[in-house]
Amino acid sequence: MLSEPEPRDTLTTATVNMGDHSTDIKPILALKELVASLYREQNKVQNLLSSLGFALRSFNNLNQFLDLTPLMAARVADAEGGALILSKNNGQVALDQLHCQDNQINGELRRQLEAIIRQLNQEATLENKNNRSLLDSLDHQIRQTLGQGTQVYSTPVLVKNSERGRLYVFSRDPDYGWTPTRRKLLQLVADQTAVAIANNELTIELRSKERQDRELEIAAEVQNRLLPRQCPKIQGVELAAHCKTANRVGGDYYDFIPCNYDQFKPATEAEMEASTAPWSIVIGDVMGKGVPAGLLMTMTRGMLRAEVLNRHSPAQILRHLNRVMYADLDNSHRF
């Protein structure tokens, strides 16, 4: 009969096998730790970019978003600090936002950047530099001023293919490397900053257009009220009138002007029909369309009514109007 193997032999084999696998544990743990570290870093970057995207969707104030830009730039690029420098409407540049982990370094860096920007703006005014040249000079001056002890990297902020500033990151770590991944992440933050600026400008433009539309509506309403609401009843004459402008405000004009001052007060249709006082009838079309024509029509209406009260003939009225209005119309270069 076959005998069963002794338990001691099995235990010995298991111990040997465990000893063989123990030599591979350290590299495996190291690899797992590296993967976990990369995963945590990836999650951190994703969370930061998600937060920036949320801010872009949520903030109504551009300055609230720009406050975050240097902070996000520094964190996604693993740098010590970040700065956002933007071009202004006057063609100069300004330090918009600055972030640095060390408050002491932050104050020193701010003083240096503001001094550089002040000097370059003065030179740009004297030499009439364009925006691109000014930003290139800014890059060179910042690197030269901060010296070899600080590594500086930047990316443009492009709004509608026009460079509107630069986003910078700074690091004093001698081992800091400007990898393609960090470059792409910084550019992503700069692109979202550009979107925020473009959205803000579009919002301002839309609000301005809404105000203009409202003002045009009011002007059209006022102009419509200046036209006679009804035609006078004049013996021997049948009158009808209608005016439809090409735009909301226009220069088409007609009026029925009573030649008696008392008739300027509001009158009912029966009173107008019973009146035997003379009336002046005017039809006019101002050259052009829109607001300029509407303004001239309104001015003409007031002058005509004043002239009619003086009981002048139509020929005299036109001569007076021509004499009074000619200088203004000639200076406007419109009519």
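These legends accompany several close-up views of a predicted model.

**View 1. The whole protein chain, helices and strands together.** Here we start with the overall picture: the protein chain contains nine helices and six strands. Its 335 residues include 32% that count as buried. The accessible surface amounts to about 22300 Å², and carbon and sulfur atoms make up 52% of that area. Among the contacts with a separation of 6 or more, 60% join residues 24 or more positions apart.

**View 2. Helix H4 from end to end.** Helix H4 covers residues 103-127, a run of 25 residues. At 1.5 Å a residue, H4 should span 36 Å, and its end C-alpha atoms are 36 Å apart, so the expected and modelled spans agree. Just past the helix, have a look at Asn128, which has a positive phi of about 55°.

**View 3. The buried residues of H4 and their neighbours.** Many familiar side chains can be picked out here, including Ile105, Leu109, Leu113, Ile116, Ile117 and Leu120, which are buried residues of H4. Asn106, Asn121 and Ala124 are buried in H4 too. The buried residues of this helix pack against two strands that precede H4, S1 (81-87) and S2 (93-100). They also pack against helix H5 (131-146) and strand S4 (162-171).

**View 4. Two cysteines, Cys231 and Cys243.** For anyone thinking about cysteines, the structure holds zero disulfides. Cys231 has 21% relative accessibility, and it counts as partly exposed because buried means under 20% and exposed over 50%. Cys243, with a relative accessible area of 23%, is likewise partly exposed.

Methods: Residues are numbered from 1 along each chain as its sequence is written. This is a predicted model: local features need pLDDT of at least 70, side-chain atom pairs count only at pLDDT 80 or more; totals for chains, interfaces and linings use all residues. Side-chain values use heavy atoms; hydrogens and water are left out. A disulfide is a pair of cysteine sulfur atoms within 2.5 Å. Buried means under 20% relative accessible area, exposed over 50%, partly exposed in between (1.4 Å probe, protein chains only). Helices (H or I, at least four residues) and strands (E, at least two) are DSSP runs, numbered from the N terminus. Contact means heavy atoms within 4.5 Å. Accessible areas come from the Shrake-Rupley method with a 1.4 Å probe; for residues, only the protein chains shown count as cover. The expected span of a helix is 1.5 Å times one less than its number of residues.
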